[in-house]
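Visitor: I'd like a close look at one part of this model, please. Could you take me through how a pair of helices sits together, and then what the strands around there are doing?

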Amino acid sequence: MKKIISLLLVAVMLVASVAMLSACGGKTDGGKTETGEPQKESAIAEDFKIGFIFLHDENSTYDKNFLDAAKQATAELGLSEDQVIYKVNVPEGNECYEAAADLADQGCNVVFANSFGHEPYMLKAAKEFPEVEFCHATGTTAHTENVANFHNAFASIYEGRYLAGIAAGMKLNEMIEKGDITAEQAKMGYVGAFTYAEVISGYTSFYLGAKSVCPSVTMEVQFTGSWYDEALEKEAATKLLSNNCVLISQHADSMGAPTACENAGVPNVSYNGSTQSACPNTFIISSRIDWAPYFKYIIESANKGEAIAADWCEGFEVGSVKLTDINEAVAAAGTKEAIEAAKAKLIAGEIKVFNTDNFTVEGAKLDSYMADVDTDADYTPDTEAIKDGYFSESEFRSAPYFDLNIDGITLLNKMF
């Protein structure tokens, strides 16, 4: 009889356990559901909403990077479709204010916009809707405007571009060793959107990364005057190729430059994501900002009623800067190892991307430079940026302010 009672008790316990697992969404072991998917355990209020404003749509590599991060972050936090609102193809004009105001009216607790030119319209909306948090990528004014619910964010992407530059320099060395080019012919091309500090900082860090392993490298930059124009970007890359550039990179958002490189059989370092599937014979690597950590930060902070930093900037340590997988079919041997070694030194502070020992301006080393950090209409220099032997990028505000034209880089046009 005791044995029968014991068996009955075991059966009851098993049934109760199954019921509990069922109530928990099929959660079994290691935080996964029965289907093997990660279990989403959201501490975010059910009535919480976030709205996203994007300059373009998923056809832009820049905007797709943001869209993917937004979907990842909101899914990991367990937000439902009703809690997330997307607005795409929103121009850098009053349309941005209208989009932000509409999202606030729809009950969004946080509104985020992703393009530099969105900033004044986001600030206008922040002043009108003080109960809503307005967060903006690449902006420059939050730290001086002192509007409590208006925030800027960026990442130390110049470190990612520096590492991508190392991959480029390794490829140039391989081409030199094979006799495909001479050391003097190690000239890269770069397709840039505008002559903003963000772009200048990006192409300079890329160049310095390449120069750290290929000392003879030079670079030409062609600007398009647009963040996203496939025809112009392809035309710019084609011009650089006609100028005998043997490797191309970019800070522009379409497939124009990578496609031109693939057609010409010239190595390419892309931006904001891998282009390997479309350009398998030329793509080497890409750096990008992963915005998921920031999105999770602002959602969780707003949900808890905690303050959001006025000016947020993070890097490799929190996963905000990332590199794609290396295309081993194109990259030079040893590229992965060289990048990992440099990355470790960047994180440890042993490498400073803008170390003033590694570049000159008009033939002279810089001991001092006043940067325009507290941006005004006249872009007046206001902050000493050289300290401890390096240009302290993104330390006084999140958005880049490195705007120097260093030796070794030639600008083919400057009108943008």
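Guide: Let's start with helices H6 and H7, which are oblique to each other. This is a predicted model, so keep that in mind as we go. What angle do H6 and H7 make? They pack at about 40 degrees, with their axes 6 Å apart. Angles under 35 degrees would count as roughly parallel and 65 to 115 as roughly perpendicular, with the rest oblique unless they are over 145, and that is why this pair is called oblique. The crossing of H6 and H7 is right-handed.

Now for the residues at the contact. H6 covers residues 157–178, and the ones that meet H7 include Tyr158, Arg161, Tyr162, Ala164, Gly165 and Ala168. On the H7 side, their counterparts include Ser201, Gly202, Ser205, Phe206 and Gly209.

H7 itself runs through residues 197–211. Of its 15 residues, 14 are buried, so the helix is mostly covered. Its length checks out too: at 1.5 Å a residue it should span 21 Å, and its end C-alpha atoms are 20 Å apart, which agrees.

On to the strands. Strand S5 takes in residues 150–155, and six of the six are buried, so the rest of the structure largely encloses it. Both faces are covered: Phe150, Asn152 and Phe154 are buried on one side, and His151, Ala153 and Ala155 are buried on the other. In a regular strand, side chains alternate between the two faces of the sheet.

S5 has parallel partners as well. Strand S4 (residues 133–137) joins S5 over four bridges, and alanine 137 has alanine 153 as its bridge partner in S5. Strand S11 (residues 311–314) also pairs with S5 in the parallel sense, again over four bridges. Here alanine 153 turns up once more, with tryptophan 312 in S11 as its bridge partner.

Finally, there's an open sheet of seven strands, in the order S12-S10-S9-S8-S6-S7-S17, with mixed pairing. S12 (321–323) and S17 (409–411) stand at the edges, and each has a single partner strand, so one side of each has no neighbour in the sheet. Neighbouring strands of this sheet are turned by 20 degrees against each other on average, ignoring direction. Within the sheet, S6 (residues 187–192) and S7 (residues 218–223) run parallel and are joined by six bridges, with tyrosine 190 standing opposite valine 221 in S7.

Methods: Residues numbered from 1 in each chain as written. Predicted model: local features only at pLDDT ≥ 70, side-chain atom pairs only at ≥ 80, totals over all residues. Heavy atoms only, no water. Pairing = 2+ DSSP bridges. Helix = DSSP H or I, 4+ residues; strand = E, 2+ residues; numbered from the N terminus. Axes fitted to C-alpha atoms, helices over the stretch in contact; angles between N-to-C directions. Buried < 20%, exposed > 50% of the residue type's maximum accessible area, 1.4 Å probe, protein only. Expected span 1.5 Å × (residues − 1). Left-handed = near helix turned anticlockwise from the far one by under 90°. Contact = heavy atoms within 4.5 Å.
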